[in-house]
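Subject: Structure handover

Hello,

Please find the structure below. My notes on it follow.

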2 protein chains.
Amino acid sequence: MRATALSLASLPARPHKTADLAPGTPAAVVTAPPPRRPRGRPRKTAQERSDGNRRRQLMDGAAQLFRSKGFAATGTRDIAAAAGMHSGSPFYHFASKSALLFAVMNEGMASAVQSQQQALAVLAPQAPARECLRVLIRHHFEVLLGPRSSFIAVMLYEWRSLTPVQRRRIALVKDSYEAAWMPALTALGQQGLLQAEPGVARLFIFGALNWAVQWFAPDKGKSLDELTEQALALFIHAG
Amino acid sequence: MRATALSLASLPARPHKTADLAPGTPAAVVTAPPPRRPRGRPRKTAQERSDGNRRRQLMDGAAQLFRSKGFAATGTRDIAAAAGMHSGSPFYHFASKSALLFAVMNEGMASAVQSQQQALAVLAPQAPARECLRVLIRHHFEVLLGPRSSFIAVMLYEWRSLTPVQRRRIALVKDSYEAAWMPALTALGQQGLLQAEPGVARLFIFGALNWAVQWFAPDKGKSLDELTEQALALFIHAG
DNA sequence: CCTACCGATCGGTAGG
DNA sequence: CCTACCGATCGGTAGG
């Protein structure tokens with residue numbers, strides 16, 4: 001019975017080859033696919049590696065390659081090799097290299113928005129604005145410099161490699177991520193703890209934090225907690 | 001006589017085809033070529049367009065293309081066309097596409113260091129640190145967002161496209177540019193006007209300012225003067 | 001998901 | 001600085 005299941009799995013049903021907003025595709029809402037956790041105990045064997053996991057493996061490899069070499073300098077053959085495939089196989093899962101870039105960015109932003117909401121939900125309802133900003137900064141560092149950071153780094157530095165249509169779609173998710181910062185920033189402004197206009201402050205603050213992907217070295221220098229305190233001290237005046 | 005000069009100029013002596021630190025070239029000090037202003041009244045005619053000016057035209061076009069499309073996505077044929085040349089001609093002036101990238105970055109950083117020194121020289125010898133920082137920020141915005149901004153933008157966002165040897169060379173110039181900020185930042189720290197550690201503050205501040213290349217729109221939104229005041233207000237606490 | 005392949009484009013060169 | 005060209009590589013596809 002086990003062998004049968006395996007042999008069936010080795011001939012997987014054709015997975016969804018989504019266009020993922022390749023150039024010219026009309027816009028529609030795309031979110032991260034539901035985790036669809038299986039009922040039984042999870043398997044990490046060859047079984048696990050086939051199916052739809054290959055799609056995620058391609059995205060993981062692509063995210064790292066796009067980050068380190070850039071989108072244009074990364075070949076689809078490199079991506080295939082990173083996922084243990086041969087040259088033409090990525091196109092079985094993604095309609096184009098561009099669709100793969102979009103999938104990486106969309107996955108990165110969608111999960112960032114989700115974890116941001118979870119981080120904010122832990123706050124007390126009447127928490128001071130300074131505390132809210134601390135949570136936002138700390139979470140942002142996690143997303144930006146943590147173990148899955150490639151997805152967001154690609155987002156930040158390969159923006160121009162997107163088609164206009166793809167750009168608009170990602171911008172929607174990005175806007176909602178950034179909008180979550182405004183209540184805290186305007187409150188701090190009203191309290192006199194933030195001396196720049198909130199809109200400009202937001203741009204400067206995101207720049208300061210995002211730039212960390214250029215210089216941050218894990219296991220060396222400051223921790224993410226320490227960086228959070230330093231950033232707070234820099235932006236928020238004595239209260 | 002004029003015709004003679006023109007016809008002579010149309011057969012220019014072979015210009016210096018510098019390697020400009022193509023991969024593997026050993027390091028040596030490289031600065032912007034001296035302006036060598038000619039004695040007589042300047043000409044803007046066809047004469048002007050030949051000679052060594054072609055080299056600068058290639059760098060100008062390459063800087064803009066590298067900025068808007070990225071280094072890897074820019075073809076040498078695009079660069080040639082931007083300078084009004086045919087496909088193979090850029091290699092008469094630069095040993096490789098990589099050498100052209102290096103030349104763009106080196107020119108950008110060298111002129112930034114130079115104009116920075118000029119900006120600081122205008123300050124009174126005992127000017128307060130806050131005033132010094134204002135000059136540095138204002139000058140940085142000029143370099144970053146002004147008419148020659150492509151050179152520095154390429155510097156910032158194509159770092160990974162350099163070879164390790166090229167990277168080390170540019171890093172030397174960049175270090176001297178950034179080092180000029182430290183006296184003002186440490187002084188402000190001692191005065192209690194800068195609440196983060198000076199070294200970390202420098203990284204955050206550069207990030208905040210550099211990020212402006214992503215969102216700044218000339219002739220729309222704030223002026224460079226206004227942005228300078230907003231940045232100062234954000235970083236430097238009430239004094 | 002592999003194999004074999006296509007047309008296009010790329011950086012760079014020789015020879016003038 | 002142009003012309004003509006080279007070998008390599010690229011994204012993508014057909015057919016299984």
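How far is a phosphate oxygen of DNA strand C from a polar backbone atom of Lys97(B)? The separation is 2.7 Å. That is a polar contact, meaning a pair of N or O atoms within 3.5 Å; within protein, one must be able to donate a hydrogen and the other to accept it, and residues adjacent in sequence count only if both atoms are side-chain atoms.

Before the rest, some ground rules. This is a predicted model, in which local features need pLDDT of at least 70 and side-chain atom pairs count only at pLDDT 80 or more, while totals for chains, interfaces and linings use all residues. Residues are numbered from 1 along each chain as its sequence is written, chains are lettered from A and ligands numbered from 1 in the order in which they are written, and side-chain values use heavy atoms, with hydrogens and water left out.

DNA strand C

There are 16 residues around DNA strand C, and those that come nearest are Arg54(A), Ser89(A), Tyr92(A), His93(A) and Lys97(B). A residue is near a strand if one of its heavy atoms lies within 4 Å of it. Two side chains of chain A also reach phosphate oxygens of this strand: a polar atom of Ser89(A) lies 2.4 Å from one, and a polar atom of His93(A) lies 2.3 Å from one. Of the strand C atoms within 4 Å of the protein, 50% belong to sugar or phosphate, and the rest belong to bases. The surface near strand C has 3 nonpolar, 9 polar and 4 charged residues. Here Ala, Val, Leu, Ile, Met, Phe, Trp, Tyr, Cys and Pro count as nonpolar, Asp, Glu, Lys and Arg as charged, and the others, Gly among them, as polar. H5 of chain A and H4 of chain B each supply at least two residues of that surface. Helices (H or I, at least four residues) and strands (E, at least two) are DSSP runs, numbered from the N terminus.

DNA strand D

Around DNA strand D there are 16 residues, with Lys97(A), Arg54(B), Ser89(B), Tyr92(B) and His93(B) coming nearest. Three polar contacts with phosphate oxygens of strand D can be listed:
- An N or O atom in the side chain of Arg54(B) is 2.6 Å away.
- A polar side-chain atom of Ser89(B) is 2.3 Å away.
- A polar backbone atom of Thr74(A) is 3.2 Å away.

Helix H4 (76-82) of chain A and helix H5 (90-93) of chain B each supply at least two residues of the surface near strand D. By class, that surface has 3 nonpolar, 9 polar and 4 charged residues.

The UniProt record, in an unreviewed entry, lists residues 75-94 of chain A as "DNA-binding region"; its positions are given in the numbering used here, feature names are shortened, and annotations may be inferred rather than shown by experiment. In the model this stretch is 55% helix and 0% strand, and its end C-alpha atoms are 14 Å apart.

The two chains

Chain B superposes on chain A by a rotation of 180 degrees with 0.0 Å of shift along its axis (RMSD 0.0 Å). The two copies are therefore related as by a two-fold rotation axis. The superposition is by least squares on the C-alpha atoms of residues with pLDDT of at least 70 in both. Within chain B, Ala208(B) comes closest to the axis, at 2.0 Å (C-alpha).

Cavities

Rolling a probe the size of a water molecule over the atoms shows where empty space is left. On a 1 Å grid over the protein atoms alone, a cavity is a set of points where a 1.4 Å probe fits but cannot get out, and lining residues have an atom within 4 Å of a point. The structure holds 2 cavities of 30 Å³ or more. The largest has about 50 Å³ of space, and its lining includes Phe91(B), Phe94(B) and Leu100(B). The second largest has a volume of about 40 Å³, and Phe91(A), Phe94(A) and Leu100(A) are among its lining residues. A volume is the space filled by probe spheres set on the points, which are joined across faces, edges and corners.

Regards

Key:
On a 1 Å grid over the protein atoms alone, a cavity is a set of points where a 1.4 Å probe fits but cannot get out, and a pocket is an open set with protein on both sides within 12 Å along at least five of seven lines; lining residues have an atom within 4 Å of a point.
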